[in-house]
Structures are given as structure tokens and as C-alpha cells.
Amino acid sequence: MIVARGQITISVTKDGQYPVQEFAKSTSSTVAPTSGWVKTPPACSTTEYLWMRTGVVIPPATSPASWATVRIGAINGATGEQGEKGEIGLPGSLLRPRGEWKANTNYVNNTQYRDTIIYNGNTYSCRADHNSGSSFDVTKWTLFNDFVNVATQLLVAQNATIDILGTSGLFVGNLSKTQGWLITGGSIKHNVTGLELTVDGKLSLPATGAILVGNKTFITDGKIVTDFIDVKTLEVEKLKGATGTFKSLQGTKLVNNKEVVMCEIGFSPTEGKMYFEGDMQHQGTYKDPVKGERSFRFYTADLWCRGQFGHYQMTSLLFNSASTSDFFAHIYNYGTDTTYHKYAQAGQPIDCIFLEGSGNYVLYVCDSPRRKFLTVVNASGYPKRVMMVYQDSRTDTIEPYRFKIFVTAETNTSKPNPSSTVNLHALQ
């Protein structure tokens, strides 16, 4: 139904109410039946009475609020006299345009709707409820071509252009206008959800609106909530999710206005493998709540490598001095090198320390966890000393051009230890 707003005047309106009647049979002539009511009169035996009840349905209800019941048949009753003409009935069913006739479709002519269709250029109205079957049955239809109804409440037309002059809009919805579409100023807007097809051809949703695709919510509250998105290229600022499937993940950069792949993680489901292309760097600090900070670790049950495993050469520190001062090698801690303090590079803990120069100085090993192998090489022609037990200042001497391997022990705290010097175990 199309309801126009503006200069069109409606003088008579109906609220869509319609009468209904039902029939039932009973062996009692004084007490109406409480069940068994049907739309058409049932056949009665010689011991049964026929009853009828009537009522008025007021939408949106689908059944009367009350019934008036009367017995209309008696056992072996004689035919009654012709009754008086009744009052004019309430408005009948609404015409419901169904478009072109379709096969195997249910069409109705009941107290609520009377369907109309178009077939071979003619307009027909339905005579009785039926299923159309595979071919058009003219006995089920009444030719409707001569009917002309140009009014504010109903318009049935074929290939028509409707222009409501002087009005501000059209409302398409239920009679009470509690739910429907308002066509105004070139836009179409739903008066409940706020969904709007704007005048410039855009689909607009309110903050709480939703779009369904395949009876599933696709967009709601400004978010896409679908189970699956099939796109060729997806560009997002931030991707957050729990699980997903990928063919590859690429790191790219623009070179001469062309996107170049610099590194890539590939996934091969047929082989059950992941492929890494490009340098891999794994570093950082894990803050253990019990044991304190440590470097991040790489865990694996088995490791297969081609070529030389590990780094090309041991990471090392070099001291070269002619003095007898103390020198401090910081194995894991990072800092700025000085004459007496040398530090590891970020992510490169020290494996080997070279001692050069003519001085018989003392090397202190600092900032190292326990149980780490450490090689100290005397690369000079003069003896060098290594602090073994910090608390009693006991050292071990490495002769010229010799080396020793140590295993780090605990960090002594029995006396001031500002450089976190660790004790050492020497391999014999």
C-alpha cells in the first residue's frame, strides 16, 4: 500500500478490520461447543445441531477479541423463512498485486487478501485460494482489465510512472505507519531502523543499524561481522585476530615507486612446512617474575642446518695495555666502552676474550649468568691474570700465547661488587 503525504486529501479511512465466522456441531441444543470450530459448515448427523459464531478481527490481531454464538440448525428442522437483508458489511479483503503470473505458486482470495496478477498483458484477480500448477488456469481468475482505481490508498498499474505532484513524500508500509519506508526528496528511509538510500545513491546505516546477507548479519554497529570475506586485496592499518589461514606473509617497501618484497614467510600445506626468506633476528629481554631478566630464547625439539651452524666466529672482546690495572669484561650487559670497561653488543653475548699488551693486568669477568663457557686467550708474550674468586682476590695466571676455558659461577655479594664480577671455574 502507498500512502502519500501533502495535498492529497483522504475523506474516508478504514482501520482494516474484517468479519470472520466459524461453524461447529454439537449434540446439545442449548450449550455452544467449546472446540471443533472450522471455517465451513460441517455435515451433521440426525443427533447433532449446527452452531455458528461471528466476530470482528481488528489488526494487528489475527482473531476476534470476542464472539457472538448462535445455533443455526436443529435436528430434522424445517426450512426457515427468508431472513431480512443484513446491514452493510465491513470492508473486505485488500487487493494484493503479485506481479507476473508464476507457476507452482500459492494465490489467495480470503478475508485478508485478494491477489491480482498480470498474464499475457491482461490483469486478473484471484477467484479462490489455489496453487497455480504448471499452466495458467483461467477458471481460477477473473479478468480485471476494466477495473480502474486511481486513489490515495490503492494503485494497481502496469509499466506506470507515479509522480505525486505537490507532496513531500510517499510512505510504503503498514496502515498504522508504525513500520515502513518513507520516500522523500529522492531518498528512501526506513522509519524504524533508519536505514537509508540517500539521494546521491549511497546506502547509509545508523550507528546501531545492521545489514543481513544470506539471513546472516554482515554489518552491525559500524563493524563487519561476517564469517568470511573473499577479496583480492585487503588493506588495513591494524589486523587483529585469533586464528587465520595464509599462503604467505610479506614484508615490502617501495623502490622507485614499485613495491618490492624484502622478506617473506611462506606456508606450504601440502608439505606441512613454513619457509622463511630473509634474515631472521631474534632478540629482546624476557622479564621472569622469579628469576629476573634474561634474553629471549629459541626453543625447538630438533634442528637441522645446511652449512656451518652458529656464527662465523666467536664474539669477543680485546684488551691491550702495558699497565697493571684492573680490566672488566661485561659479558651480557650493554654500555659504552672505556679504557678499562668493555661491553658486548646488543644480542651478541661474549664467548672469547683476548688479552694483549705487555702489562701483567688482571681481567674481571662481569655481568654473566652461571654455567656459561668462556674462553680467555693470552695473545701476548707476557703473563696475564684472571680473577677467579672475587671475595678473596684469588687469580689464575695464563702464560704467554696460551688460553684457558672457564665456566662462570655465582656473582659474589659478600663484599662490595659494583661491576657484578662473577667467580669462575677453570677447566683442567
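**Surroundings of Ser-368 and the neighbouring strands**

Apart from neighbours within four places in sequence, Ser-368 is in contact with Ile-331, Tyr-332, Thr-408, Thr-411 and Val-422, where contact means heavy atoms within 4.5 Å. The structure is a predicted model, in which local features need pLDDT of at least 70 and side-chain atom pairs count only at pLDDT 80 or more, while totals for chains, interfaces and linings use all residues. Residues are numbered from 1 along each chain as its sequence is written, and side-chain values use heavy atoms, with hydrogens and water left out.

Ser-368 lies in the loop between β28 and β29 (373–378). Strands are DSSP runs (E, at least two residues), and helices are DSSP runs of H or I with at least four residues, numbered from the N terminus. Ser-368 counts as buried because its relative accessibility is 8%; the buried class is under 20% relative accessible area, exposed is over 50% and partly exposed is in between (1.4 Å probe, protein chains only).

On one side of this loop, strand β28 (residues 362–366) runs parallel to strand β30 (residues 384–389), joined by two bridges. Two strands pair if DSSP finds at least two bridges between them. Leu-363 stands opposite Val-386 in β30. Both strands belong to an open sheet of five strands with mixed pairing, in the order β26-β25-β28-β30-β31. Its edge strands, each paired on one side only, are β26 (341–343) and β31 (394–398).

On the other side of the loop, β29 is antiparallel to strand β32 (residues 403–411), with five bridges between them. Leu-374 has Phe-406 in β32 as its bridge partner. Strand β32 also pairs with strand β33 (residues 422–426), in the antiparallel sense over four bridges. Here Val-407 is placed opposite His-425 in β33.

In the protein as a whole, there are 33 strands and zero helices. Buried residues account for 25% of the 428 residues. Of the contacts with a separation of 6 or more, 39% are between residues 24 or more positions apart. The exposed area is about 30,700 Å², with 52% of it supplied by carbon and sulfur atoms; accessible areas come from the Shrake-Rupley method with a 1.4 Å probe, and for residues only the protein chains shown count as cover.
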